[in-house]
Amino acid sequence: MRTEIENIVDEIKQAISLLRRHLDWDQAVRRLDWLNNKSEDPNLWNDAAEAQKLMRERQHLDDGITSVRAFEQQMQDAIDLIELGEEEGDADIIKEAEDALRVLRTEAARRQVEAMLSGEADSNDTYLEVHSGAGGTESQDWANILLRMYTRWAERQGYKVELLEVHDGEEAGIKSATLLVKGHNAYGWLKTESGVHRLVRISPFDSNARRHTSFSSIWVYPVIDDSIQIDINESDCRIDTYRSSGAGGQHVNTTDSAVRITHMPSGIVVQCQQERSQHKNKAKAWDMLRARLYEAELKKREDAANAEAASKSDIGWGHQIRSYVLQPYQLVKDLRTGVASTAPDDVLDGDLNEFMEAALAHRVNGGADAVVDDLA
C-alpha cells in the first residue's frame, strides 16, 4: 500500500515534469546561455528597446529554470533526510522532512499554475476596477469590501498597490475605484476575476436586520508597455476634469486636477485622481485607456479563437462568477469551477489563490463552465 509521502513525491515529480515540458527544457537552457553571453556584449544597449526585451526574456527563463532546479534539489534533500532518519530511528528528522515535502508540493503546484500564465500580457502589471451595482448603500459597501479583498490579496502576493481613483458612496462604501497592481504576473493571476460578484448577508444598514443581496462588478485589464502600439484618435475622446474626492489626504484637492477620458467609439471611460497634478493624472488616464482598448482587443482574439466557449470568458454586468454567503450559513462558491470555501472571512481577507488557480486551469484547459447551482 502506498504511503502519503510516496504520493506527495509523485505529485512533485509530476509537477516538475510538466514545468520542464512547458519551458521546453533543453531549448530553454541553451537560450538562457545565449542570453547570458549576449548580456555581456557592450553593444547590446545601442538599441535600448531590443535590449530590454532580451533582458525580460532572460529574467523569465532564469526564473523558470532556477525554480525547477530548486524543486528537484529540495525534493532530493527531503528524501535523503527521510532515509537518514529511518536509518537512525530519528522520528523528528523524518517529520521535518515530510513537512518540507508537503510545503514543496504546494509550491510546485503553485508554480505549475503560474506556468499557465503564458498569454501575451500575463506577466504585466494590471489595473483592477470595482463598480457597485444597483442597491445604493448596500452595494456600495460591498464594493468597498471587494476593494479591500483584492488589496489584501495583492499585498499577500508581495505586489505593490496604488489607488488611482475612488468615488465614495453617499452614506458608506464606494461607487467605484481603480487599483494599479504592480508585480510579475499580476494580470495573469487577476484576469479571471473579471465579472459580477454577489454578496448575501444580514444588512448592517437595515434596522430590521433583514437579509440582503448585493452585486458589484470587477474589471481587470493589463498595463501595456511601449512595445505594444495602440493608436487612439484624440478627436474620438472627450476629456473632463473635476475635483478629486475622497476621505482625505492625497485624494482631496481644491482644484480640478482629476481627469476623466471617454472614448466615444467604444464607450470606454477611464479616470484618475491619484496625483495632485492634472497633467500627471491625464497621462495616467491615457495609459489606462490604451490598456482598456488593448484588453478589448485581446478578448476579441480569444473569442475568435474559441467561439464555442466565448461565453465562459464573457465580461459583463450580469455574468456572475462567484457568490459570497454570510447568512444564514457561511460559504463562498465559484459558479464557473465549483470551488467553494466555508471560511468567507478568510476569502474576504484576500485568501483567493484556490479560486484563481482553479479558474486559470479551467480557462487554459478550455473547459466549459461547471454545472454549479448558485447559493440561495
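How many bridges join S9 to S10, and in which sense, parallel or antiparallel, do these strands run? In this predicted model, S9 and S10 are joined by 4 bridges and run antiparallel, and a hairpin of 5 residues leads from S9 into S10. Within this pairing, Tyr-324 has Val-332 of S10 standing opposite. On another front, S9 pairs with S4 in the parallel sense, over 5 bridges, and in that pairing Arg-322 of S9 is the bridge partner of His-197. As for burial, 6 of the 6 residues of S9 are buried.

These strands belong to an open sheet of 8 strands, whose order is S2-S3-S1-S5-S4-S9-S10-S11 and whose pairing is mixed. At the edges stand strand S2 (160-168) and strand S11 (340-341), and because each has a single partner strand, one side of each is left without a neighbour in the sheet. In general, the strands of a sheet pair through backbone hydrogen bonds, in either the parallel or the antiparallel sense. Strand S4 (residues 195-202) runs antiparallel to strand S5 (residues 211-222), to which it is joined by 8 bridges, and here His-197 stands opposite Ser-216 in S5. His-197 thus has a place in the pairing with S5 as well as in the pairing with S9, where its partner is Arg-322. Across the sheet lies helix H5 (residues 137-156), which crosses S1, S2, S3, S4, S5 and S9 and runs at about 45° to S5.

Where do the nonpolar side chains gather? In soluble globular proteins, nonpolar side chains tend to be buried together. Here the largest nonpolar core has 40 residues, and those with the most contacts inside it are Tyr-150 and Tyr-324. The elements that give two or more residues to this core are S1, H5, S3, H6, S5, H7, H8 and H9, and the largest share, 8 residues, comes from H5. Tyr-324 touches, among residues more than four places away in sequence, Trp-142, Leu-146 and Met-149, together with His-197, Arg-198, Leu-199 and Val-200, and also Leu-331, Val-332, Val-347 and Leu-348. Apart from this core lies another, of 29 residues, which includes Ile-8, Met-75, Ile-82 and Ala-108.

The charged side chains can be followed next, starting again from S9. Side chains of opposite charge can pair when their charged atoms come close. Arg-322 forms a salt bridge with Glu-193, in which the closest N and O atoms are 2.9 Å apart; since Glu-193 lies in the loop between H6 and S4 while Arg-322 lies in strand S9, the pair ties together parts that are 129 residues apart in sequence. Arg-322 also meets Asp-334 in a salt bridge, at 3.2 Å from N to O, and because Asp-334 lies in strand S10 (residues 331-334), this pair ties together parts that are 12 residues apart in sequence. Are these charged residues buried or exposed? Glu-193 is buried, with a relative accessible area of 0%, Arg-322 likewise counts as buried at 0%, and Asp-334 is buried with a value of 0%.

A salt bridge within a helix is found in H4 (residues 91-114), where Lys-95 and Asp-99, being 4 residues apart, are separated by about one helical turn. Their side chains meet at 2.9 Å, N to O, and Asp-99 is partly exposed, with a relative accessible area of 30%. A network of salt bridges links Arg-148, Arg-152, Glu-155, Arg-156 and Asp-349, and the structure holds 24 salt bridges.

Helix H3 (residues 48-88) allows a simple check of geometry: at 1.5 Å a residue, its 41 residues should span 60 Å, and its end C-alpha atoms are 58 Å apart, which agrees. Just after H3, Gly-89 takes a positive phi of about 65°. Elsewhere, Ser-235 has its place in the loop between S5 and strand S6 (237-242) and counts as exposed because its relative accessibility is 60%; its C-alpha lies 9.3 Å from that of His-263, although these residues are 28 apart in sequence.

For the chain as a whole, the secondary structure comes to 9 helices and 11 strands, and 45% of the 376 residues count as buried. Among contacts between residues at least 6 apart in sequence, 65% join residues at least 24 apart.

Key. Residues are numbered from 1 along each chain as its sequence is written. This is a predicted model: local features need pLDDT of at least 70, side-chain atom pairs count only at pLDDT 80 or more; totals for chains, interfaces and linings use all residues. Side-chain values use heavy atoms; hydrogens and water are left out. Two strands pair if DSSP finds at least two bridges between them. Contact means heavy atoms within 4.5 Å. Axes are lines fitted to C-alpha atoms, for helices over the stretch in contact, and angles run from 0 to 180 degrees between N-to-C directions. The expected span of a helix is 1.5 Å times one less than its number of residues. A nonpolar core is a set of buried Ala, Val, Leu, Ile, Met, Phe, Trp, Tyr and Cys residues joined through side-chain atoms within 4.5 Å. Buried means under 20% relative accessible area, exposed over 50%, partly exposed in between (1.4 Å probe, protein chains only). A salt bridge is a side-chain nitrogen of Lys or Arg within 4 Å of a carboxyl oxygen of Asp or Glu.
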